[in-house]
There are 2 protein chains.
Amino acid sequence: MGGVIGLDVGGANTKAVWRDGDDSRVVTRPYEVWRDRDGLIAVLREVVEALPAHERVALTMTAELSDAFRTKREGVAFVLDTAEAALPAPLSVLTTAGELVGIAEARARPLDVAAANWVAAALAVGAVHPDALMLDVGSTTADVIPIAGGRVAARGRDDLSRLLAGELVYTGALRTNLAAIAARVPVGGDWCPVASELFAISADVHLVLGHLPPEGYSCPTPDGRATDVEHARERIARLVCADAAQLGAEAIERIAAHLHDEQVRQIATAARRVSDTPIVPLGGGAFLAREAAARLGRPVLEMPWREAERDAAPAAALARLAPC
Amino acid sequence: MGGVIGLDVGGANTKAVWRDGDDSRVVTRPYEVWRDRDGLIAVLREVVEALPAHERVALTMTAELSDAFRTKREGVAFVLDTAEAALPAPLSVLTTAGELVGIAEARARPLDVAAANWVAAALAVGAVHPDALMLDVGSTTADVIPIAGGRVAARGRDDLSRLLAGELVYTGALRTNLAAIAARVPVGGDWCPVASELFAISADVHLVLGHLPPEGYSCPTPDGRATDVEHARERIARLVCADAAQLGAEAIERIAAHLHDEQVRQIATAARRVSDTPIVPLGGGAFLAREAAARLGRPVLEMPWREAERDAAPAAALARLAPC
């Protein structure tokens, strides 16, 4: 039999990578824990059942930050309980120190296993590129992790210290509320303050700019409508309280271009602060990481992985780290 | 019989003021149109049935901007249809030029009746204070409207031109996403970038700072939990990806104080830009308008209304404007 699954349970996506030797499979399932936390058990079962037979599951999570839980402790306990109930195979859980521990130990040290998924990816990057900056840009956040001498050289370990260090940047390729990316956008040669509602998200920007195909818009749309360019334009126009027809396609594209540029600027600023080494782009938003590298004039180093594995880097890394 | 109702149908609140001579009643009903637009008809019936007998209803709206509608035209048509179906009394509708028109004319000129509620309040202010700046701070937005020689001297008429002119500031006392108020907040002597989720709103800030009693938190909480200080602290802590216990009450209060200050700064900046006259504070967030006036060293002029009317200024003004 053989085979290991790396499982990354996020607040908005669950990702699983099965691996056996050189063979691998990737399953990504958008699932927003705060909408219905009790549905998570079915999602974990479904994801793992879609993969081949396996001897164990190595788990990491960021879902504990979801406001489905009052505290991270409560969130970690819920995810561990759910994973144990959903999955028959033995479970191990990653800590922010990079160890894989048993579920009993994970329960005893909830804050050490909270938000540890970046550690898995960074360990895998360090094994290939010993002096580099990992830029894993996901749907919602970017991990900006320095690797030095093959070791994870991050200053922060938990989310708060990572935000403070610039190692966690809360901007992503899909789910970021446009009102939180920039306070002003260009409209007709002027700067227009934005409406702070949840009218449009970064997926709308990248769809309109052609960075993302409609099927790559894998999270819910803010207005519940279609993931096509026409509807994305309407959502972006609403950011300045306008109808799409009132602005026109070109003006909407200028707004989108500014927000895209601002995301790249934010990621590049964090990268400059964290390290001056070559950049390893990962994640569904790797295109933003590459643009940040270009803006900084930094070389880009690739992970020798399939694209689907790069998009689900923590899960892919876990499937490689866990002993069969 | 006699009596007129001023009805202000917003995206998140419906407000109605009944008036007959010096007698008046106010009903405010939080109702978020985008969650279930088909529920609006029952809300309008309920609000009007809670008020005394009346001869007519004067209507204004901002709900058409809600992303329950693809365009403002669609939104205006929906609100007009719903009001006509819900309310037996003859309806008149306010335009952004300050006229009250019949429903057929309103249907024919949807963009002239969209987002006109600020005009009603400004006309009423102008009748009392001919040279002043109206600062009507609601749950979500602030209207910053210059009155000169008793006339409404606004440069913008629709939402987009009002945003550009600083006459519409998208910050409010209850519903504003904290991640859209400031990109960074103070944490432990440092500045921490915020998580751009919808973890906490301005009602949490003003509850924690004692500006708002728990029953004043009249919109849904982001996490679906209680409107008490303890839960508000948890929501604010999540803004920097932390648990409340990790930060402590004092650190959370410092974050709240910064966000409060930033809201006042944004309103004061717009007020300075729009006019240099005395300020007339209105709305459920009038306390923010008064603080902006203090920051600018401007005199404050009061409207001779009951507090409940000031909180629902456009509806109260409409009930005075409409002929009995």
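Start by selecting Arg35(A): at 56% relative accessibility, this residue counts as exposed. Keep in mind as you go that the model is predicted. Now add Glu32(A), whose side chain meets that of Arg35(A) in a salt bridge, 2.3 Å from N to O. Unlike its partner, Glu32(A) is buried, with a relative accessible area of 9%. This pair belongs to a total of 52 salt bridges over all chains.

**Salt bridges within chain B**

Next, pick Arg19(B) and Glu309(B), where the side chains meet in a salt bridge at 3.4 Å, N to O. Arg19(B) sits in strand β2 (residues 13–20) and Glu309(B) in helix α12 (residues 307–311), so the bridge ties together parts of chain B that are 290 residues apart in sequence. Both residues are buried.

Move on to Arg235(B) and Asp223(B), another salt bridge, with 2.8 Å from N to O. Here Arg235(B) belongs to helix α8 of chain B, while Asp223(B) lies in the loop between α7 (202–208) and α8, 12 residues apart. Arg235(B) counts as buried at 0% relative accessibility, and Asp223(B) counts as buried at 11%. Then hop over to chain A and select Asp204(A), Asp223(A), Arg225(A), Arg235(A) and Arg238(A): salt bridges with shared partners join them into one network.

**Where the chains meet**

Show both chains together. The contact takes 46 residues from chain B and 46 residues from chain A. About 3,800 Å² is buried between them, with carbon and sulfur atoms giving 51% of that area. On the chain B side, highlight Asp67(B), Arg70(B) and Cys241(B); they lose the most area to chain A, together 19% of what that side buries.

Between the two chains you can look for six salt bridges. One to zoom in on is Glu234(A) with Arg70(B), whose closest N and O atoms are 2.6 Å apart. There are also 24 residue pairs in polar contact between the chains. Among the elements of chain B that each supply at least two residues to this side are α2 (72–86), β12 (190–193) and α8 (229–238).

Now select Lys72(A), in helix α2 (residues 72–86) of chain A. Lys72(A) is buried, with a relative accessible area of 9%. Which residues does Lys72(A) touch, not counting those up to four places away in sequence? Within chain A they are Glu64(A), Leu65(A), Leu111(A) and Asp159(A), and across in chain B they are Cys241(B), Ala242(B), Asp243(B) and Gln246(B).

**The cysteines**

How many disulfides are there over all chains? The count comes to zero. Select Cys241(A) and its closest cysteine sulfur, in Cys192(A): the sulfurs are 7.5 Å apart, too far for a bond. In the other chain, Cys241(B) is in no disulfide either, and the nearest cysteine sulfur, that of Cys192(B), is 7.5 Å away. Cys241(A) is buried at 1% relative accessible area, and Cys241(B) counts as buried at 1% too.

**Two last stops in chain B**

Choose Asp8(B), in strand β1 (residues 4–9). Asp8(B) is buried yet has no salt bridge, and the nearest side chain of opposite charge, Lys15(B), is 5.8 Å away. Beyond its sequence neighbours within four places, Asp8(B) is in contact with residues including Asn13(B), Met61(B), Asn117(B) and Pro314(B).

Finish at Pro30(B), in strand β3 (residues 23–30). Pro30(B) counts as partly exposed at 32% relative accessibility. Leaving aside neighbours within four places in sequence, the contacts of Pro30(B) are Ala12(B), Asn13(B) and Ser218(B).

Conventions: Residues numbered from 1 in each chain as written. Chains lettered and ligands numbered in written order. Predicted model: local features only at pLDDT ≥ 70, side-chain atom pairs only at ≥ 80, totals over all residues. Heavy atoms only, no water. Disulfide = S-S within 2.5 Å. Buried < 20%, exposed > 50% of the residue type's maximum accessible area, 1.4 Å probe, protein only. Helix = DSSP H or I, 4+ residues; strand = E, 2+ residues; numbered from the N terminus. Contact = heavy atoms within 4.5 Å. Lys, Arg positive; Asp, Glu negative; His and termini not counted. Salt bridge = Lys/Arg side-chain N within 4 Å of Asp/Glu carboxyl O. Buried area = accessible area lost by both parts, 1.4 Å probe. Polar contact = N/O pair within 3.5 Å; in protein donor to acceptor, adjacent residues only side chain to side chain.
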